[in-house]
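User: I am new to this structure. Please choose one part, look at it closely, and then show me how it connects to the rest.

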Amino acid sequence: MLDIYKLDDEVLRTDTKDVDKFDSALKILVDAMFETLTEADGVGLAAPQVGVSKKLFIVDLSASGGDKYVFINPEILETSIEEGFYEEGCLSIPGFYRKVKRPLRVKVQAQDLNGKYFNIEADGLLARVIQHENDHLHKTLFIDHLEEEEKEKVIKAYRKKTSKKRKK
Ligand code: NI
């Protein structure tokens with residue numbers, strides 16, 4: 001199990017570097033990320049969320065009958081003009097959910113664990129999770145997509161909640 005870094009942790013707002021070694025250490029990290037994601041009952045996890053400033057994220061839709069994916073050095077090549085709202089949450093801002101507007105479909109290129117390039121066209125939940133996780137590789141959280149006032153509200157409420165917890 002890896003620690004999941006939270007809203008005010010600097011690592012979430014730090015530049016990420018390309019993965020350049022497709023070695024056993026990378027496989028061990030990805031395995032640990034999948035374990036952490038399962039334990040946290042989430043659908044996606046990006047390396048910065050576990051304190052690693054690298055361009056890598058995973059998606060696990062197996063709970064809803066989907067697949068597991070590893071995206072290394074991903075690049076979103078195309079997004080649909082058509083957008084939609086969908087409620088998002090984030091393991092780095094636990095307990096807060098807001099509707100976020102994003103393109104409904106994406107085309108992505110990435111590398112797998114062996115460094116091999118692949119392309120994927122996604123819609124539905126997968127397209128949503130890919131965009132959310134890819135944002136993490138670019139220092140962006142889902143609350144950054146909200147109106148400034150709403151974003152501030154979430155941040156304040158989150159800080160209030162966590163400071164209360166710490167006092168106990
Ligand atoms: Ni997130």
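## Helix H2 and its surroundings

Analyst: Lys139 is partly exposed, with 32% relative accessible area. Here buried means under 20% relative accessible area, exposed over 50%, and partly exposed in between, using a 1.4 Å probe and protein chains only. This is a predicted model, in which local features need pLDDT of at least 70 and side-chain atom pairs count only at pLDDT 80 or more, while totals for chains, interfaces and linings use all residues. Residues are numbered from 1 along each chain as its sequence is written, and side-chain values use heavy atoms, with hydrogens and water left out.

Lys139 sits in the loop between H2 and H3. Helices (H or I, at least four residues) and strands (E, at least two) are DSSP runs, numbered from the N terminus. The phi angle of Lys139 is positive, about 60°, although Lys139 is not a glycine. Most residues other than glycine have a negative phi. Asn73, in strand S3, also breaks that habit, with a positive phi of about 50°. At 13% relative accessibility, Asn73 is buried.

Now turn to helix H2 itself, and start with the metal. Which residues hold the nickel ion? The protein donors are Cys90 through SG, His132 through NE2 and His136 through NE2, at 2.1 to 2.2 Å. Donors are N, O and S atoms within 2.8 Å of the metal (3.2 Å for Na, K and Ca); water is not among the atoms, so sites may look incomplete. Along the chain, the spacing of these donors reads C-x41-H-x3-H.

Why are the two histidines about one helical turn apart? His132 and His136 lie 4 residues apart in helix H2, so about one helical turn separates them. His132 counts as buried because its relative accessible area is 7%. His136 is buried too, at 2%.

The cysteine donor comes from outside the helix. Cys90 lies in the loop between S4 and S5. Cys90 is buried, at 9% relative accessibility. Which residues does Cys90 contact, leaving aside neighbours within four places in sequence? Gln49, Phe96, His132, His136 and Phe142 are in contact with Cys90, where contact means heavy atoms within 4.5 Å. Tyr117 is another matter: the C-alpha atoms of Cys90 and Tyr117 are 27 Å apart, with their positions 27 residues apart along the chain.

Helix H2 also has a nonpolar side. The largest nonpolar core has 16 residues. Such a core is a set of buried Ala, Val, Leu, Ile, Met, Phe, Trp, Tyr and Cys residues joined through side-chain atoms within 4.5 Å. Strands S2 (56–60), S3 (68–79), S6 (106–111) and S7 (117–122) and helix H2 (124–136) each supply at least two of its residues. H2 gives the most, with 4 residues. Among those with the most contacts inside the core are Phe57, Phe71, Ile120 and Ile130. Ile130 touches Phe57, Phe71, Ile76, Val106, Val108, Ile120 and Ala122, not counting residues up to four places away in sequence. In soluble globular proteins, nonpolar side chains tend to be buried together.

Charged pairs come next. The model has 12 salt bridges, each a side-chain nitrogen of Lys or Arg within 4 Å of a carboxyl oxygen of Asp or Glu. One of them joins Asp135 and Arg102, at 3.0 Å from N to O. Asp135 is in helix H2 and Arg102 in strand S5, so this pair ties together parts 33 residues apart in sequence. Both residues are buried. They belong to a salt-bridge network with Glu88 and Arg128.

After H2, the chain offers another link. Asp144 and Arg13 form a salt bridge of 2.7 Å, N to O. Asp144 is in the loop between H2 and helix H3 (148–167), whereas Arg13 is in the segment before helix H1 (24–40), 131 residues apart. Asp144 is partly exposed, at 26%, and so is Arg13, at 33%.

Finally, look at the surface. Val43, Tyr86 and Leu125 make a nonpolar patch of about 240 Å². Patch residues have over 30% relative accessible area and no salt bridge; like charges are joined within 9 Å, nonpolar side chains (Val, Leu, Ile, Met, Phe, Trp, Tyr) within 5 Å. Areas come from the Shrake-Rupley method with a 1.4 Å probe, and for residues only the protein chains shown count as cover. Tyr86 lies in strand S4 (residues 83–88) and is partly exposed, at 43%.
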